[in-house]
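Let's take a friendly walk through this model, starting from a single residue and working outwards to the core and the sheet.

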Amino acid sequence: MAWRPVKAPTLAMMEVMAEAAYARLPKRFRDLCGNLVVQVTDFPTDEVVEEMEAETPFDLLGLFQGVGLAQHYESAAFAMPNMIWLYRRPILDYWAEHDETLGRIVTHVLIHEIGHHFGLSDDDMERLEQEAG
């Protein structure tokens, strides 16, 4: 009966989870992220689904949009900040189907998307997840 009042986290609650996950990352790593912006929304846009060649919006848990460090250069004109999108409904769907905590899944997706910014390997991202707890 204790579960009866429990509801799926709202966008704002999941944003707090993402901020907490980000705060647990090693400081040296966060410092390199610069002005990275994390946004939580229910689903990717239709354009993103098409661009990523996903079969459904539920196939994407997150997305990095911007210029990765490998492509970044100092003389770039004004550019939008790099962004990471976390997609709440696909994350919740994944959570319902797997034996992992929601916080761990949010942390995993966040690190994976930041990894795209840095061009990290899967092993590098796994080490970061371990450091983040």
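Leaving out neighbours within four places in sequence, Arg88 is in contact (heavy atoms within 4.5 Å) with Ala8, Pro9, Thr10, Leu11, Met14, Val40, Thr41 and Asp42. Arg88 belongs to helix H4, residues 88–97, where helices are DSSP runs of H or I with at least four residues and strands are runs of E with at least two, numbered from the N terminus. With a relative accessible area of 13%, Arg88 is buried, meaning under 20% with a 1.4 Å probe and protein chains only.

This is a predicted model: local features need pLDDT of at least 70, side-chain atom pairs count only at pLDDT 80 or more, and totals for chains, interfaces and linings use all residues. Residues are numbered from 1 along each chain as its sequence is written, and side-chain values use heavy atoms, without hydrogens and water.

Now to the interior. The largest nonpolar core (buried Ala, Val, Leu, Ile, Met, Phe, Trp, Tyr and Cys residues joined through side-chain atoms within 4.5 Å) has 26 residues, and Leu86, Ile91 and Ile114 have the most contacts inside it. Each element in this table supplies at least two residues of that core.

| Element | Residues |
|---|---|
| helix H1 | 11–24 |
| helix H2 | 27–33 |
| strand S3 | 83–87 |
| helix H5 | 102–118 |
| helix H6 | 122–132 |

Helix H4 also supplies at least two, while H5 gives the largest share, eight residues.

Finally, the sheet: three strands form an open sheet in the order S1-S3-S2, with mixed pairing; strands pair if DSSP finds at least two bridges between them. S2 and S3 pair in the antiparallel sense over four bridges, and Phe64 stands opposite Ile84 in S3.

Note on methods
Buried means under 20% relative accessible area, exposed over 50%, partly exposed in between (1.4 Å probe, protein chains only).
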